[in-house]
Amino acid sequence: MTVKNFPKGFLWGSASAAYQVEGAWDKDGKSESIWDRYVRIPGTTFKGTNGNLAVDHYHRYKEDVALMAEQGLKAYRFSIAWTRILPQGRGEVNQAGIQFYSDLIDELLAHDIEPVVTIYHWDLPQVLQEEYGGWESRQIVDDFVNYSAVLFEAFGDRVKYWVTLNEQNIFMTLGYVQELHPPKVHSYQRMYNANHNANLANALTIKKFREMKVPGQIGPSFAYNPAYSIDSKPENVIATENYEAFNSSWWMDMYINGKYPKTVLKALEGMDIHIDIQEGDDEILADARPDFLGINYYQTNTVAYNPVDGVSVGKMNTTGEKGSSEESGMPGLFKRVQNPFVERTNWDWEIDPQGLKLGIKRITNRYDIPIMITENGLGEYDKLTEDKEIHDDYRIKYISDHVDAIGEAIQEGSDVIGYCTWSYTDLLSWLNGYQKRYGFVYVDREEDDATAKLTRYKKDSYYWYKNLIEQFNKEVN
């Protein structure tokens, strides 16, 4: 592996999300989020796990930042909990919440770590869900822009990189189609309207950012799974084009160009799905090209033709029992099938570093926009030895191979400004509890909060990434 392909000032980072690491779910004025409520529904998460304590980053952020500094991290992407800043979703600002994130930002900057702030990582205030249905109401657009403006005012002097919405495609499809996230419903009609409101919120937040003349860069973060056709049979190739249009272009075309793909609009019309596009929406959406596009990449998808009586929403592997996931798709359009040429994790996620290179190149060729890899990592079972060591060679190989793929894409003309692994410490996986570990830093806890020791231990991958950054500093910076 070489770091010579990477540009000077490249942001070698890592990432987290508020709900998954902070804990302190009801402390210092924070209100209940939709996830605080959702995880209390029996059967929604692995062994009933929740974020009440998580890994207690709220009280241990200085310890965690010290580990980042020792590792040489250049950037830390984290999210802000809307419920800490505006407990009622709007109105009076909770100064204790402002102070926590201000202190975290200052701690990062004191150690020369660039804060990358995600405005929304799925934890909507429960009061807004109850008041008007959350993302299903256009009221959320004004509330979201107002919330964002509070953050810009409080932290805009110190934060240079902002992510508006994290994985809009995921929280929409899992919440409104697959019934795995709140609000746990199955309705394509509701999903597409809620998604349109989120697009307006993203666009108007970018506009507000520029009106306030915040000295930084802003863009959404998209969960991108580039698609392959299972073979060159024409019907499978066309199905793959359908998949890309519905699952990639539908969001990225809107983010970059402010337009929905025509073929998807036509298909939705045939499904009797109508989006509430009102007068003036097109102008709003067309005037919000981001400064960069965040990409969360974990796997590719392989696609085949799906007959009209074919598979729909299939079972997702949330247990770690390899091979337990099922095919899924949209009848008459496409379905996901297994790729025989790549390995899979215990959660059936395809391990495909070259797929990341493919995705970067597709974005470069289609949109010509700077890219930040805002998430990439391997969730697996990690074991703490009697000597308190964690030998995660599989994670080192995974990250190394993906870094190589990014370097190749840069060498071939793509503009990639940073790479944030998922995640920095082990954390709560939304549906998979604490057994699915991603971090450079092992956190000593399992599903039971009462027995959680929360001691931090450096994994082998921690030292590997530290050496990578040191090599970069010597050869490039």
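Okay, let me start with a definition: a polar contact here is a pair of N or O atoms within 3.5 Å, and within protein one of the two must be able to donate a hydrogen and the other to accept it. Keep that in mind for an arginine I'll show you. And a reminder that what you're looking at is a predicted model.

So, the arginine. Arg 445 is found in the loop that links β15, residues 441–443, to β16, residues 456–458. Is Arg 445 buried or exposed? Take under 20% relative accessible area as the cut-off for buried; Arg 445 has 2% relative accessibility, so it counts as buried. And here's where the definition comes in: the Arg 445 side chain reaches the backbone oxygen of Glu 447, at 3.4 Å. What else does Arg 445 touch, if we skip the neighbours within four places in sequence? Its contacts are Leu 53, Ala 54 and Val 55, then Tyr 434 and Arg 437, and finally Ala 452 and Leu 454.

Right, on to the sheets. There's a closed barrel of 8 strands, with parallel pairing, and going round it you read β1-β2-β3-β4-β5-β7-β13-β14. From one strand to the next, the twist averages 25 degrees. To zoom in on one pair, β4 (residues 161–166) and β5 (residues 217–223) run parallel and share 4 bridges. If you want a spot to click on, Asn 166 has Ser 221 in β5 as its bridge partner. Lying across β3, β4 and β5 is helix α7, residues 139–155, and α7 runs at about 160 degrees to β3.

Now a helix that's tucked away. Why do I call α8, residues 168–176, largely enclosed by the rest of the structure? Because 8 of its 9 residues are buried. Among them are Phe 171, Met 172, Leu 174 and Tyr 176. What do the buried residues of α8 pack against? Two of the partners are helices, α9 (188–211) and α10, and the others are the strands β3, β4 and β5.

Next, the other sheet. This one is open, has 4 strands in the order β6-β8-β10-β9, and its pairing is mixed. The edges are β6 (227–229) and β9 (329–330); each has a single partner strand, so one side of each is left without a neighbour in the sheet.

Let's walk across it. β6 and β8 are parallel, over 3 bridges, and Ala 227 is bridged to Asn 301 in β8. From β8 to β10 there are 3 bridges again, but here the strands run antiparallel. Ala 304 has Lys 335 in β10 as its bridge partner. Then β10, residues 334–337, pairs with β9 over 2 bridges, also antiparallel. And Lys 335 turns up there too, as the bridge partner of Gly 329. One more thing about β8, residues 301–304: Asn 301 and Val 303 point one way, Thr 302 and Ala 304 point the other way, and all of them are buried.

Last stop, a pocket. The second largest one holds about 270 Å³ of space. Which elements give two or more residues to its lining? Those are α10 (234–257) and α13 (353–367). The largest share, 8 residues, comes from α10. The lining has 16 residues, and nearest the centre lie Glu 241, Glu 244, Ala 245, Ser 249 and Arg 366.

That's my tour, thanks for listening!

Definitions and conventions
Residues numbered from 1 in each chain as written. Predicted model: local features only at pLDDT ≥ 70, side-chain atom pairs only at ≥ 80, totals over all residues. Heavy atoms only, no water. Pairing = 2+ DSSP bridges. Axes fitted to C-alpha atoms, helices over the stretch in contact; angles between N-to-C directions. Contact = heavy atoms within 4.5 Å. Buried < 20%, exposed > 50% of the residue type's maximum accessible area, 1.4 Å probe, protein only. 1 Å grid on protein atoms, 1.4 Å probe; cavity = no way out; pocket = protein on both sides within 12 Å on 5 of 7 lines; lining within 4 Å. Points joined across faces, edges and corners; volume = space filled by probe spheres on them.
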